[in-house]
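Work through the exercises below with the sequence and the 3D structure open. Try each task before reading its solution.

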Amino acid sequence: MDIHNAPEEYTKVIYYDQDREEQVRLIVSTFRYVEYLSIRKYYLDFNEEWKPSNVGVTIPMSIETSQELFIALVEILSLAESKGVIEEHFKDLINDIYI
């Protein structure tokens, strides 16, 4: 058994492309007594079962790695929100500069 086939303790589909029959999942699993956090692409096989692909990343899960991931996601969401606010209030100025 390799780490990508370790029993899943938590799984959440974070992206689904029905046309390409692909998913991206966030997974917490344990392998050799170490917890891991994975973000991995899954595909639908010929038996219509979801299987993990080789595309993804797996890191040891700890308070530090979980905290850094959370901080990164908050920063991304904050930037996206800020971008929306800026575009809403300065749309004409942005269009004048870039068009």
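**Exercise 1. A pair of bridge partners**

Task: Find the bridge partner of Tyr-15 in S2, and state how S1 and S2 run relative to each other.

Solution. Step 1: the model is predicted. In it, Tyr-15 is partnered by Val-24 of S2. Step 2: look at the two strands as a pair. S1 and S2 are antiparallel, and 8 bridges join them. Step 3: look at the turn. The hairpin of S1 and S2 has 4 residues between the strands, and Glu-21 there has a positive phi near 50°.

**Exercise 2. The next pair**

Task: Determine how many bridges join S2 and S3, and name the partner of Val-28 in S3.

Solution. Step 1: S2 pairs with strand S3, residues 34-44, through 10 bridges in the antiparallel sense. Step 2: Val-28 has Leu-37 as its bridge partner in S3. Step 3: in this hairpin, 2 residues lie between the strands.

**Exercise 3. The loop between S2 and S3**

Task: Describe the backbone angle phi and the exposure of Arg-32 and of Tyr-33.

Solution. Step 1: recall the general rule. Most residues other than glycine have a negative phi. Step 2: compare Arg-32, which is not a glycine but has a positive phi of about 50°. Tyr-33 is not a glycine either, and its phi is positive at about 70°. Step 3: place them. Arg-32 is in the loop between S2 and S3, and Tyr-33 lies in that loop too. Step 4: apply the cut-off for exposed, which is over 50% relative accessible area. Arg-32 counts as exposed because its relative accessibility is 69%. Tyr-33 has a relative accessible area of 85%, so Tyr-33 is exposed.

**Exercise 4. Inside strand S2**

Task: Decide whether Glu-22 is buried or exposed, and list the residues that Glu-22 touches.

Solution. Step 1: Glu-22 belongs to strand S2. Step 2: buried means under 20% relative accessible area. Glu-22 has 16%, and therefore Glu-22 is buried. Step 3: leaving out residues up to four places away in sequence, Glu-22 touches Tyr-15, Tyr-16, Asp-17, Lys-41, Tyr-42 and Trp-50. Step 4: turn to the whole strand. Strand S2 covers residues 22-31, and 9 of its 10 residues are buried, so the rest of the structure largely encloses S2.

**Exercise 5. A nonpolar patch**

Task: Identify the residues of the nonpolar patch on the surface, and name the strands that each supply at least two of them.

Solution. Step 1: the patch is formed by Ile-14, Tyr-15, Ile-39, Val-57 and Ile-59, with about 410 Å² of accessible area together. Step 2: strand S1 (8-17) and strand S4 (50-60) each contribute at least two patch residues. Step 3: take one member. Ile-14 sits in strand S1. Ile-14 counts as partly exposed because its relative accessibility is 47%.

**Exercise 6. The whole protein**

Task: Write the order of helices and strands along the sequence, and give the share of residues that count as buried.

Solution. Step 1: the protein has 1 helix and 4 strands. Step 2: along the sequence they follow the pattern β-β-β-β-α. Step 3: 18% of the 99 residues count as buried. Step 4: the accessible surface is about 8,100 Å², and carbon and sulfur atoms account for 57% of it. Step 5: among contacts between residues at least 6 apart in sequence, 23% join residues at least 24 apart.

Notes. Residues are numbered from 1 along each chain as its sequence is written. This is a predicted model: local features need pLDDT of at least 70, side-chain atom pairs count only at pLDDT 80 or more; totals for chains, interfaces and linings use all residues. Side-chain values use heavy atoms; hydrogens and water are left out. Buried means under 20% relative accessible area, exposed over 50%, partly exposed in between (1.4 Å probe, protein chains only). Contact means heavy atoms within 4.5 Å. Accessible areas come from the Shrake-Rupley method with a 1.4 Å probe; for residues, only the protein chains shown count as cover. Patches are made of residues with over 30% relative accessible area and no salt bridge: like charges are joined within 9 Å, nonpolar side chains (Val, Leu, Ile, Met, Phe, Trp, Tyr) within 5 Å. A salt bridge is a side-chain nitrogen of Lys or Arg within 4 Å of a carboxyl oxygen of Asp or Glu. Two strands pair if DSSP finds at least two bridges between them.
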